[in-house]
Amino acid sequence: MNFRPRAKDEPEINLIPFIDVLLVILIFLMLTTTYSKFTELKLTLPVADAEQQRDHPKEVIVAVAADGRYAVNKGGVEGKSVDAVAQALRGASAGKDSVVIISADAMAPHQSVVTVMEAARRVGLTQITFATQSTAGARASNR
């Protein structure tokens, strides 16, 4: 009889097959992923097909013309600086919970819209939205 204790084999976890499977999955995902080229995007803004939600009693409508002029609640703003727009917004807002609606021409400079957003920030108006027209309205106005 053999009374010596048997040497127990230590269980070991073999990670090599696990790593092989992960590498195959990684290669598969890399090969099947499509990358979009941002230089090929052609944007036509502002057009949206959403229900118009009007009737806000505390809304301030800021219109931005194609040449960069501003109008706050249908009243013209003298000058194109941030301070001039901020002063007009301060006079037209009904408190900090007023909603600023930027209605910019599609050909308006981007800087003009950013100027309105900066003026709203200076006044303390944080709720900003953009007015758009529906696709049907855009087709009708282009005729």
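Colleague: Which strands does helix H2 lie across, and at what angle does H2 run to E2?

Modeller: In this predicted model, H2 lies across E1 and strand E2 (70-72), and runs at about 15 degrees to E2. An angle under 35 degrees counts as roughly parallel, so that word fits H2 and E2 here.

Colleague: And what would you call the direction of H3 against E4, roughly parallel or roughly antiparallel?

Modeller: H3 lies across E1, E2, E4 and E5, and its angle to E4 is about 170 degrees. That value is over 145, so H3 and E4 are roughly antiparallel.

Colleague: Now the two helices. Why are H2 and H3 called oblique to each other?

Modeller: The axes of H2 (residues 82-92) and H3 come within 8 Å and cross at roughly 55 degrees. Such an angle is not under 35 degrees, not over 145 and not within 65 to 115, so H2 and H3 are oblique. As for its hand, the crossing is right-handed.

Colleague: Which residues meet there?

Modeller: From H2 come Val-82, Asp-83, Val-85, Ala-86, Leu-89 and Arg-90, and they meet H3 residues including Val-116, Ala-119, Ala-120 and Val-123. Sorted by kind, the residues of this contact are eight nonpolar, one polar and four charged.

Colleague: How do you know that E4 and E5 pair?

Modeller: By counting bridges: strand E4 (residues 99-104) and strand E5 (residues 127-130) share four. Pairing asks for at least two, so E4 and E5 pass. The two strands run parallel. You can follow the pairing by eye: Val-99 stands opposite Gln-127, Ile-101 opposite Thr-129, and Ile-102 opposite Phe-130.

Colleague: What do E4, H3 and E5 make together?

Modeller: They make a right-handed β-α-β unit, with helix H3 covering residues 110-123.

Colleague: What makes the pairing of the whole sheet, parallel, antiparallel or mixed?

Modeller: Mixed is the word for this open sheet, whose five strands come in the order E3-E2-E1-E4-E5. E1 (residues 59-64) pairs with E4 in the parallel sense over six bridges, with Ile-61 opposite Ile-101. E1 and E2, however, run antiparallel and are joined by three bridges; there, Val-64 has Tyr-70 as its bridge partner.

Colleague: Which are the edge strands?

Modeller: They are E3 (75-76) and E5, since each pairs on one side only.

Colleague: One last thing: in the hairpin of E1 and E2, which residue takes a positive phi?

Modeller: Look at Gly-68, with a phi near 95 degrees; the hairpin has five residues between the strands.

Conventions
Residues are numbered from 1 along each chain as its sequence is written. This is a predicted model: local features need pLDDT of at least 70, side-chain atom pairs count only at pLDDT 80 or more; totals for chains, interfaces and linings use all residues. Side-chain values use heavy atoms; hydrogens and water are left out. A crossover is right-handed if, with the strands pointing away from the viewer, the path from the first strand over the helix to the second runs clockwise. Axes are lines fitted to C-alpha atoms, for helices over the stretch in contact, and angles run from 0 to 180 degrees between N-to-C directions. A crossing is left-handed if the near helix is turned anticlockwise from the far one by less than a right angle, and right-handed if clockwise. Contact means heavy atoms within 4.5 Å. Ala, Val, Leu, Ile, Met, Phe, Trp, Tyr, Cys and Pro count as nonpolar, Asp, Glu, Lys and Arg as charged, and the others, Gly among them, as polar.
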